Amino acid sequence: QVQLVESGGGLMQPGGSLRLSCAASGIIFRLYHMGWFRQAPGKQRELVARLFADMTTDYADSVKGRFTISRDNAKNTVYLQMNSLKPEDTAVYYCNAVHQWGYGDAYWGQGTQVIVSA
């Protein structure tokens with residue numbers, strides 16, 4: 001059974017930093033593209049960052065230069081380092097896994113809440 005378990009969310013002041021983690025099980029982690037998405041109240045889920053199996057990355061324009069995605073294949077974990085947080089970063093953040101060759105389903109975690117507020 002595939003599981004993606006996010007952690008690290010919470011309340012932070014504007015300008016602060018948080019690091020999200022997503023621990024994966026039930027998949028051959030190194031064969032998967034990993035991503036972080038977010039969904040703010042009343043808005044559609046949107047891509048934040050992706051880290052492909054070949055270690056290339058892709059970021060939403062709104063987070064470029066502030067967020068960094070990384071992965072540890074030995075720990076089956078993907079991270080999202082979020083710096084210079086803004087109130088508009090407030091959302092539920094979801095981890096996503098997609099096989100690099102498109103096999104099977106896309107997998108999602110349960111989400112972790114990030115609130116950026118003074």
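User: What counts as a disulfide here, and how many does the structure hold?
Analyst: A disulfide is a pair of cysteine sulfur atoms within 2.5 Å. The model is a predicted one. By that cut-off, the number of disulfides the structure holds is one.

User: Which residues form the disulfide, and how far apart are their sulfur atoms?
Analyst: The partners are Cys22 and Cys95. Cys22 is buried, and Cys95 is buried as well. The sulfur atoms of the two residues are apart by 2.1 Å.

User: Is the link of Cys22 and Cys95 left-handed or right-handed?
Analyst: The angle about the S-S bond is -80°. With that value, the link of Cys22 and Cys95 is left-handed.

User: How many residues apart are Cys22 and Cys95?
Analyst: Cys22 sits in strand β3, residues 18–25, and Cys95 sits in strand β9. The pair links distant parts of the chain. In sequence the separation is 73 residues.

User: In what order do the four strands of the open sheet stand?
Analyst: The pairing in this sheet is antiparallel. From one strand to the next, the twist averages 15°. The order is β1-β3-β8-β7.

User: Why is one side of β1 and of β7 left without a neighbour in the sheet?
Analyst: Strand β1 covers residues 3–7 and β7 covers 67–72. Each of them has a single partner strand, so one side of each has no neighbour in the sheet. The reason is the place where both stand, at the edges.

User: Which residue in β8 stands opposite Asp72?
Analyst: Strand β7 pairs with strand β8, residues 77–82, in the antiparallel sense over six bridges. Opposite Asp72, in β8, stands Thr77.

User: Is Thr77 buried or exposed?
Analyst: Thr77 lies in strand β8. Not counting residues up to four places away in sequence, Thr77 touches several residues, among them Ser21, Cys22, Phe29 and Asp72. The relative accessibility of Thr77 is 9%, and buried means under 20%, so Thr77 counts as buried.

User: Which residue's backbone oxygen does the side chain of Thr77 reach?
Analyst: The distance of this contact is 2.8 Å. The backbone oxygen that the side chain of Thr77 reaches belongs to Lys75.

User: How many residues lie between β4 and β5 in their hairpin?
Analyst: Strand β4, residues 32–39, and strand β5, residues 46–51, pair in the antiparallel sense over five bridges. In the turn, Gly42 has a positive phi of about 75°. The number of residues between the two strands is six.

User: Which residue in β6 is the bridge partner of Arg50?
Analyst: In the pairing of β4 with β5, Arg50 of β5 stands opposite Gly35. Strand β5 also pairs with strand β6, residues 57–59, in the antiparallel sense over three bridges. In β6 the bridge partner of Arg50 is Asp58.

User: Which residue takes a positive phi in the hairpin of β5 and β6?
Analyst: This hairpin has five residues between its strands. The phi in question is near 75°. The residue that takes it is Met55.

User: Is Arg38 buried or exposed?
Analyst: Arg38 has its place in strand β4. Beyond four places in sequence, Arg38 is in contact with residues including Glu46, Val48, Phe67, Asp89 and Tyr93. The relative accessible area of Arg38 is 6%, and under 20% means buried, so Arg38 is buried.

User: How far apart in space are Arg38 and Val48, C-alpha to C-alpha?
Analyst: In sequence, Arg38 and Val48 are 10 residues apart. In space, C-alpha to C-alpha, the distance is 6.6 Å.

User: What distance has the polar contact that joins the side chains of Arg38 and Asp89?
Analyst: Asp89 is in the loop between β8 and β9. With 0% relative accessibility, Asp89 counts as buried. Arg38 also has a side-chain polar contact with Tyr93, at 2.9 Å. For the side chains of Arg38 and Asp89 the distance is 2.9 Å.

User: Which residues touch the most other members of the largest nonpolar core?
Analyst: In soluble globular proteins, nonpolar side chains tend to be buried together. Here the largest nonpolar core has 30 residues. Those that touch the most other members are Trp36, Leu80, Met82 and Tyr93.

Note on methods
Residues are numbered from 1 along each chain as its sequence is written. This is a predicted model: local features need pLDDT of at least 70, side-chain atom pairs count only at pLDDT 80 or more; totals for chains, interfaces and linings use all residues. Side-chain values use heavy atoms; hydrogens and water are left out. Two strands pair if DSSP finds at least two bridges between them. Axes are lines fitted to C-alpha atoms, for helices over the stretch in contact, and angles run from 0 to 180 degrees between N-to-C directions. Buried means under 20% relative accessible area, exposed over 50%, partly exposed in between (1.4 Å probe, protein chains only). A polar contact is a pair of N or O atoms within 3.5 Å; within protein, one must be able to donate a hydrogen and the other to accept it, and residues adjacent in sequence count only if both atoms are side-chain atoms. Contact means heavy atoms within 4.5 Å. A nonpolar core is a set of buried Ala, Val, Leu, Ile, Met, Phe, Trp, Tyr and Cys residues joined through side-chain atoms within 4.5 Å.
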